[in-house]
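Biologist: Hey, got a minute to walk me through this one? I'd like to get my bearings before I go back to the bench.

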Amino acid sequence: VAARGGARVAWDYRCYGKCTGTSTCRRMREDGGQVLEAVQRSAPRRLVLLGRSLGSRAAWELAAHADAVVIDSGFTEVDAFVRRRGLDPAALPPGERALIDPMARIRAVRCAVLLLHGEDDRAISIEEAERAREGGGGELVRLPGVGHDDLYRHPGYDAALGRFLAAVPVR
């Protein structure tokens, strides 16, 4: 990013990485909006969002404000998402389901989209990436031999990301 004249802002959910607090879907939306406002105040020449795994939901949420979106190992299936957290999808209140489900946002995206997903991902299946591609277009790059947490190590990751970023116009 820096080599292409850009800056990078990294943001973790509350209780992830070095962040404290309690993570909820509502807080993710509120925090994401605040991060976006701060970035926009810096007047970027282009805004490319990258959402990884759970962070894919935040990227889809904010995509209406972006020039491009990159999704790394993103999810689309709410029931699978809830089960991965050890919960019963039937117990999920309808309002919470709507907050988690990224599909409405995916269908509304109008900017360029790159989906990067490992074919051996055991946490979030490649079928979820296929569903995102079918729902919102964009390019899906399937990376063989890598899974969820080693995706970036595949040589095709940087190559696909570089090609994609080079094609995103500067405002």
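Biologist: Let's start with Glu130. Which helix does Glu130 lie in?
Modeller: Glu130 sits in helix H6, residues 126–136. Keep in mind as we go that this is a predicted model.

Biologist: Is Glu130 buried or exposed?
Modeller: Buried, because its relative accessible area is 18% and the cut-off for buried is under 20%.

Biologist: And what is Glu130 in contact with, leaving aside its neighbours within four places in sequence?
Modeller: Leu140 and Arg142. Glu130 is also part of a network of salt bridges, together with Glu119, Arg133, Glu134 and Arg142.

Biologist: Arg142 came up twice there. Which residue forms a salt bridge with Arg142, with the closest N and O atoms 3.2 Å apart?
Modeller: That's Glu119. Glu119 is in the loop between E3 and H6, while Arg142 is in strand E4, so the pair ties together parts that are 23 residues apart in sequence.

Biologist: How open are those two, as relative accessible area?
Modeller: Both ends are partly exposed: Glu119 has 34% and Arg142 has 36%. Arg142 has a role in the strand pairing as well, as the bridge partner in E4 of His117.

Biologist: OK, the sheet then. In what order do the strands come?
Modeller: The order is E1-E2-E3-E4, in an open sheet of 4 strands with parallel pairing. E1 and E4 are the edge strands, each pairing on one side only. From one strand to the next, the twist averages 15°.

Biologist: How many bridges hold E3 and E4 in their pairing?
Modeller: 5 bridges, in the parallel sense.

Biologist: Which strands does H7 lie across?
Modeller: H7 lies across E1, E2, E3 and E4, and runs at about 180° to E3. There's also helix H2, residues 55–62, which lies across E1, E2 and E3 at about 150° to E1.

Biologist: Back to H7. Which residues of H7 are buried?
Modeller: Gly156, Tyr157, Ala160, Leu161, Gly162, Phe164 and Leu165. What covers them includes strands E1 (48–52), E2 (68–72), E3 (112–118) and E4 (139–143).

Biologist: What span should H7 have, going by its residues?
Modeller: H7 has 13 residues, 155–167, and at 1.5 Å a residue it should span 18 Å. Its end C-alpha atoms are 19 Å apart, which agrees.

Biologist: Switching to charges again. How many salt bridges turn up in a search of the whole structure?
Modeller: 11. One of them joins Asp72 and Arg52, with the closest N and O atoms 3.1 Å apart. Asp72 is in strand E2 and Arg52 in strand E1, so this pair ties together parts that are 20 residues apart in sequence.

Biologist: Asp72, buried or exposed?
Modeller: Asp72 counts as buried, at 4% relative accessibility. Its partner Arg52 is partly exposed, at 31%.

Biologist: What about Arg131, which residue does its side chain meet in a salt bridge?
Modeller: Glu77, at 3.4 Å from N to O. They link distant parts of the chain, 54 residues apart: Arg131 is in helix H6, and Glu77 is in the loop between E2 and helix H3 (78–84). Arg131 is partly exposed with a relative accessible area of 26%, and Glu77 is partly exposed too, with 33%.

Biologist: Any odd backbone angles? Which residues other than glycine have a positive phi?
Modeller: Ser53 has a positive phi of about 55°, and Ser73 has one near 60°. Ser53 lies in the loop between E1 and H2, and Ser73 in the loop between E2 and H3.

Biologist: And Ser73, buried or exposed?
Modeller: Ser73 counts as buried, at 0% relative accessibility. Ser53 is buried as well, with a relative accessible area of 17%.

Biologist: Last topic, confidence. What pLDDT does the chain average?
Modeller: The average is 85, and 86% of the residues score at least 70. Among the elements, E4 has the highest mean, 98, and helix H1 (residues 25–41) the lowest, 73.

Biologist: Where does pLDDT stay under 50?
Modeller: Over residues 1–5, for which the model has 7 contacts beyond four places in sequence. Where pLDDT is low, the predicted coordinates should not be read in detail.

Definitions and conventions. Residues are numbered from 1 along each chain as its sequence is written. This is a predicted model: local features need pLDDT of at least 70, side-chain atom pairs count only at pLDDT 80 or more; totals for chains, interfaces and linings use all residues. Side-chain values use heavy atoms; hydrogens and water are left out. Helices (H or I, at least four residues) and strands (E, at least two) are DSSP runs, numbered from the N terminus. The expected span of a helix is 1.5 Å times one less than its number of residues. Buried means under 20% relative accessible area, exposed over 50%, partly exposed in between (1.4 Å probe, protein chains only). Contact means heavy atoms within 4.5 Å. pLDDT is the predictor's confidence in each residue, from 0 to 100. Two strands pair if DSSP finds at least two bridges between them. Axes are lines fitted to C-alpha atoms, for helices over the stretch in contact, and angles run from 0 to 180 degrees between N-to-C directions. A salt bridge is a side-chain nitrogen of Lys or Arg within 4 Å of a carboxyl oxygen of Asp or Glu.
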